[in-house]
Amino acid sequence: MNSRKLTVEQRKRKRRQDKKYYQNNKERVLERNKQWRIENEEYIRQWHTKYMKEKRNEPRFKEHYLGLQRNRRNSNKEKTAYFNAKKTLVARIEIIQAYSLGRCCACCKEDNIFLLSVDHIDGKRLKEEIEHEKKYGVKMAGLSLYMLLKKKGFPKGYQILCYNCNLSKGHHGMCPHQGFTKKFQKLIKELNLNV
Ligand SMILES: [Zn+2]
Ligand SMILES: [Zn+2]
C-alpha cells in the first residue's frame, strides 16, 4: 500500500499499528530488515550514492552530516588508528610472505618486517596504480597497494626490499649493495671515494 495516498488520520493509525507490531515482534522485524539489507545491498548502495549527491550541497544537511562525521571521528580516533594499524600490518605480513620466501629484503636480507617494503622491480606499475596517482596526485602505497596486489593474486614484477635498499635503488638507479650505475661510478672515481 502506498502510504502517501492515505489520509492524515489513516497514516497516524498505521504508524500506531506498525509501532505496536514492532514492539511485539522486535526480533522478527530486525531479522527481516537485516535480511532485506543483505539481499538489496547493491540497491541500497545506489540509493545512498544518489541521495548523498542530491543532498550533499544543501547547507543544513552539510552542517549536520559533517558534524556527525567529525564527532564520530574524534570519539573513535584512537580506536580507528589502532584498527587501521592492525589491518595494515596484517596485510603487509601477507604481502611479504607472498613475495619473499625468506621473508626478508631481496638485496641485504634484512628481516625485520617493520623495515620491509614493496618494490616495483622494473618500475612497471599496474593500471590501477597509475589511475590512483592521476586521481590523488600521490603514488599508491601502504594498505591500498597491499589490497590491490592481493586482489590481483600477487602479480609478478614486485619484490620485497628494506627501506634502505628500496630508497637507494630509487635515488641511485640501483642499490649500492649491488653496485653503481655509470654516473655514480664516474663520480666515485672523480671524488676518490672509498665505497
Ligand atoms: Zn635491504
Ligand atoms: Zn641493498
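Where is Asn-192 found?

**View 1. Asn-192 sits in the segment after α9 (182-191).** Like every view here, this one shows a predicted model. Asn-192 has a positive phi of about 55°, although this residue is not a glycine. Asn-192 counts as exposed, because 6 C-beta neighbours lie inside 10 Å and a residue with 12 or fewer is classed that way.

**View 2. Lys-109 belongs to the loop between α5 and β1 (116-120).** Here is another residue to check for its backbone angle. Phi of Lys-109 is positive, near 70°, in a residue other than glycine. Is Lys-109 buried or exposed? Lys-109 is exposed, since 12 other C-beta atoms are found within 10 Å. While you are here, look across to His-177: the two residues are 68 apart in sequence, yet their C-alpha atoms are 11 Å apart in space.

**View 3. His-177 takes its place in the loop between α8 and α9.** Which residues is His-177 in contact with, leaving aside its neighbours within four places in sequence? They are Cys-107, Cys-108 and Cys-165. His-177 is partly exposed, with 13 other C-beta atoms within 10 Å.

**View 4. Gly-173 lies in the loop between α8 (163-172) and α9, and Phe-184 lies in helix α9.** The C-alpha atoms of Gly-173 and Phe-184 are separated by 9.3 Å, with their positions 11 residues apart along the chain counted as their separation. Lys-183 makes a second partner to look for: Gly-173 and Lys-183 are 10 residues apart in sequence and 9.6 Å apart in space, C-alpha to C-alpha. Gly-173 is partly exposed, with 13 other C-beta atoms within 10 Å. Phe-184 also counts as partly exposed, because its C-beta neighbours inside 10 Å number 17.

**View 5. Helix α5 (residues 77-99) crosses helix α7 (residues 142-151).** The two axes come within 9 Å and cross at roughly 45°. That angle makes α5 oblique to α7. The crossing of α5 and α7 is left-handed. To trace the contact on the α5 side, pick out Lys-87, Thr-88, Ala-91, Arg-92, Glu-94 and Ile-95. They meet Gly-142, Leu-143, Tyr-146, Met-147, Leu-149 and Lys-150 in α7. How many residues of the contact of α5 with α7 are nonpolar, polar and charged? Six are nonpolar, two are polar and four are charged.

**View 6. Helix α2 (residues 26-39) is hardly covered.** From its first C-alpha to its last, α2 reaches 20 Å over 14 residues. That is close to the 20 Å expected at 1.5 Å a residue. Among the 14 residues of α2, the count of buried residues is zero.

**View 7. Helix α4 (residues 59-75) lies largely in the open.** How many of the 17 residues of α4 are buried? The number is zero, so α4 lies largely in the open. At 1.5 Å a residue, the 17 residues of α4 should span 24 Å. The end C-alpha atoms of α4 are 24 Å apart, which agrees with that expectation.

Terms used. Residues are numbered from 1 along each chain as its sequence is written. Chains are lettered from A and ligands numbered from 1 in the order in which they are written. This is a predicted model: local features need pLDDT of at least 70, side-chain atom pairs count only at pLDDT 80 or more; totals for chains, interfaces and linings use all residues. Axes are lines fitted to C-alpha atoms, for helices over the stretch in contact, and angles run from 0 to 180 degrees between N-to-C directions. Helices (H or I, at least four residues) and strands (E, at least two) are DSSP runs, numbered from the N terminus. Angles under 35 degrees count as roughly parallel, over 145 as roughly antiparallel, 65 to 115 as roughly perpendicular and the rest as oblique. A crossing is left-handed if the near helix is turned anticlockwise from the far one by less than a right angle, and right-handed if clockwise. Two residues are in contact if their C-beta atoms, placed from the backbone, lie within 7 Å. Ala, Val, Leu, Ile, Met, Phe, Trp, Tyr, Cys and Pro count as nonpolar, Asp, Glu, Lys and Arg as charged, and the others, Gly among them, as polar. The expected span of a helix is 1.5 Å times one less than its number of residues. A residue is buried if 20 or more other C-beta atoms lie within 10 Å of its own, exposed if 12 or fewer, and partly exposed in between; C-beta atoms are placed from the backbone.
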